[in-house]
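Reader: I have a structure open and would like to talk through it with you. Could we begin with the charged contacts and then move on to helix packing?

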Amino acid sequence: MTERKYRSARKKRLINNTLVYVILAILAVIWVFPILWVVLTSFRAEKGSYVSTFFPKAFTLDNYVKLFTDTSVLNFPQMFMNTLFIAVCCCILTTFFVLSTSYCLSRLRFKLRKPYMNMAMILGLFPGFMSMIAVYFILKAVGLTEGNLIRVALILCYSGSAGLGFQIAKGFFDTIPKAVDEAALIDGCTHWQIFSKITLPLSKPIIIYTVLTSFMAPWLDFIFAKVICRANSDQYTIAIGLWKMLEKEYIDSWYTSFAAGAVLISIPIAILFLCMQKYYVNGVSGAVKG
């Protein structure tokens with residue numbers, strides 16, 4: 001009797017596991033399907049946005065070549081370099097702001113600590129683009145909406161509010177024993193020395209997580225870039241360039257190049273995630289460091 005119950009329970013577990021695997025496989029196909037479509041479209045030889053078949057009838061690399069050679073209408077290389085410069089600068093500033101703010105809120109005790117944390121939590125409930133118009137007119141008043149200063153304006157927009165996104169990093173710093181800081185203070189270290197020489201070396205997961213997220217924000221953003229750049233085509237970012245390719249005067253000749261551009265801009269982020277996935281997961285979960 002006991003053996004029969006064991007076999008029955010084992011059979012039920014096997015059926016449940018099979019069902020779970022089937023569901024996960026279906027979800028994986030649904031998730032991969034749009035990516036596969038974009039990749040295939042990027043190699044499609046037929047022009048235009050409307051075709052009768054899912055798989056291309058002919059394949060070509062001309063769509064990728066066009067992005068870097070046909071710069072008379074849409075200068076993709078310049079857009080790529082503009083975005084890369086902005087993303088790298090924002091990544092450095094945002095990472096410093098987030099880690100510094102998180103360390104202070106985790107280790108220091110001061111009068112406005114809790115009110116600031118509550119205020120940051122409330123402000124985090126509202127999307128950033130609600131302040132878009134106000135931010136634009138402030139930047140315009142100080143002369144940061146023309147010429148190369150547009151890049152400075154975008155860097156300020158993306159990194160200016162970075163200190164409000166301290167929650168994950170603070171939770172990570174909370175897992176580091178405070179006894180380490182106390183021992184360093186007894187030895188004569190300042191808080192800056194503790195932060196830079198003790199805490200940061202123990203915090204590689206959260207540093208990598210912060211670097212990845214702070215790099216992705218300006219790399220993929222469209223709303224703020226579009227509002228601030230306006231008609232200054234020499235300052236366009238990749239997101240604006242890809243959007244321009246889908247406008248009615250360009251979509252027929254640039255549609256497949258749009259897909260090629262979408263594939264190209266996803267490659268650096270995909271490589272970063274694959275190489276740093278281990279540290280990224282640890283940073284999100286707030287794992288205890290060894």
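Author: Before the charged pairs, one definition is needed: a salt bridge is a side-chain nitrogen of Lys or Arg within 4 Å of a carboxyl oxygen of Asp or Glu. Please also keep in mind that this is a predicted model.

Reader: Fine. How many salt bridges does a search of the whole structure find?

Author: The search finds four salt bridges. One of them joins R230 to E146, with the closest N and O atoms 2.9 Å apart. This pair links distant parts of the chain, since R230 sits in the loop between α11 (223-229) and α12, whereas E146 sits in the loop between α5 (132-141) and α6 (149-160), 84 residues apart.

Reader: And are those two buried or exposed, or something in between?

Author: R230 has a relative accessibility of 30% and so counts as partly exposed, and E146, at 48%, is likewise classed as partly exposed.

Reader: Which residue does D181 pair with?

Author: D181 forms a salt bridge with R107, and the closest N and O atoms of that pair are 2.6 Å apart. D181 belongs to helix α8 (residues 178-186) and R107 to helix α3, so the salt bridge ties together parts that are 74 residues apart in sequence. Both D181 and R107 are buried.

Reader: What about K244, which partner does it have?

Author: K244 forms a salt bridge with E247, where the closest N and O atoms are 3.2 Å apart. K244 is buried, and E247 is buried as well.

Reader: On to helices, then. At what angle do α3 and α12 pack?

Author: Helix α3 (residues 76-107) packs with helix α12 (residues 238-245) at an angle of about 150 degrees, and their axes are 8 Å apart. Angles over 145 degrees count as roughly antiparallel, and α3 and α12 are therefore roughly antiparallel to each other.

Reader: Which residues meet there?

Author: From α3, the residues are F76, M79, F80 and T83, and they meet I238, G241 and M245 of α12. Sorted by class, this contact of α3 with α12 has five nonpolar and two polar residues, with no charged ones.

Reader: And the pair α7 and α10, how are they arranged?

Author: Helix α7 (residues 167-174) and α10 pack at an angle of about 175 degrees, with 10 Å between their axes. They too are described as roughly antiparallel to each other, because of that angle. On the α7 side, I168, A169, F172 and F173 meet P205, I206 and Y209 on the α10 side. The residues of this contact divide into seven nonpolar, no polar and no charged.

Reader: I was looking at S203 as well. Where is it?

Author: S203 lies in the loop between α9 (191-199) and α10 (204-220). With 0% relative accessibility, S203 counts as buried. Leaving out residues up to four places away in sequence, S203 touches F172, F173 and I176. Two of these, F172 and F173, are also among the α7 residues that meet α10.

Reader: Changing topic to cysteines: how many disulfides are there?

Author: The count comes to zero disulfides, where the cut-off is a pair of cysteine sulfur atoms within 2.5 Å.

Reader: Why is C90 not bonded to C89?

Author: The sulfur of C90 is 6.9 Å from that of C89, which holds the closest cysteine sulfur, and this is too far for a bond. C90 counts as buried, because its relative accessibility is 0%.

Reader: What about C104, where is its closest cysteine sulfur?

Author: For C104 the closest cysteine sulfur is in C189, 16 Å away, which is too far for a bond. C104 is partly exposed, with a relative accessible area of 30%.

Reader: One last residue, P56. Where is it found, and what does it touch?

Author: P56 is found in the loop between α1 (2-42) and α2 (62-69), and it is buried, with a relative accessible area of 10%. Not counting residues up to four places away in sequence, P56 touches L40, R44 and E46. P56 and C89 are 33 residues apart in sequence, while their C-alpha atoms are 40 Å apart in space.

Methods
Residues numbered from 1 in each chain as written. Predicted model: local features only at pLDDT ≥ 70, side-chain atom pairs only at ≥ 80, totals over all residues. Heavy atoms only, no water. Helix = DSSP H or I, 4+ residues; strand = E, 2+ residues; numbered from the N terminus. Buried < 20%, exposed > 50% of the residue type's maximum accessible area, 1.4 Å probe, protein only. Contact = heavy atoms within 4.5 Å. Axes fitted to C-alpha atoms, helices over the stretch in contact; angles between N-to-C directions. Parallel < 35°, antiparallel > 145°, perpendicular 65-115°, else oblique. Nonpolar A, V, L, I, M, F, W, Y, C, P; charged D, E, K, R; others polar.
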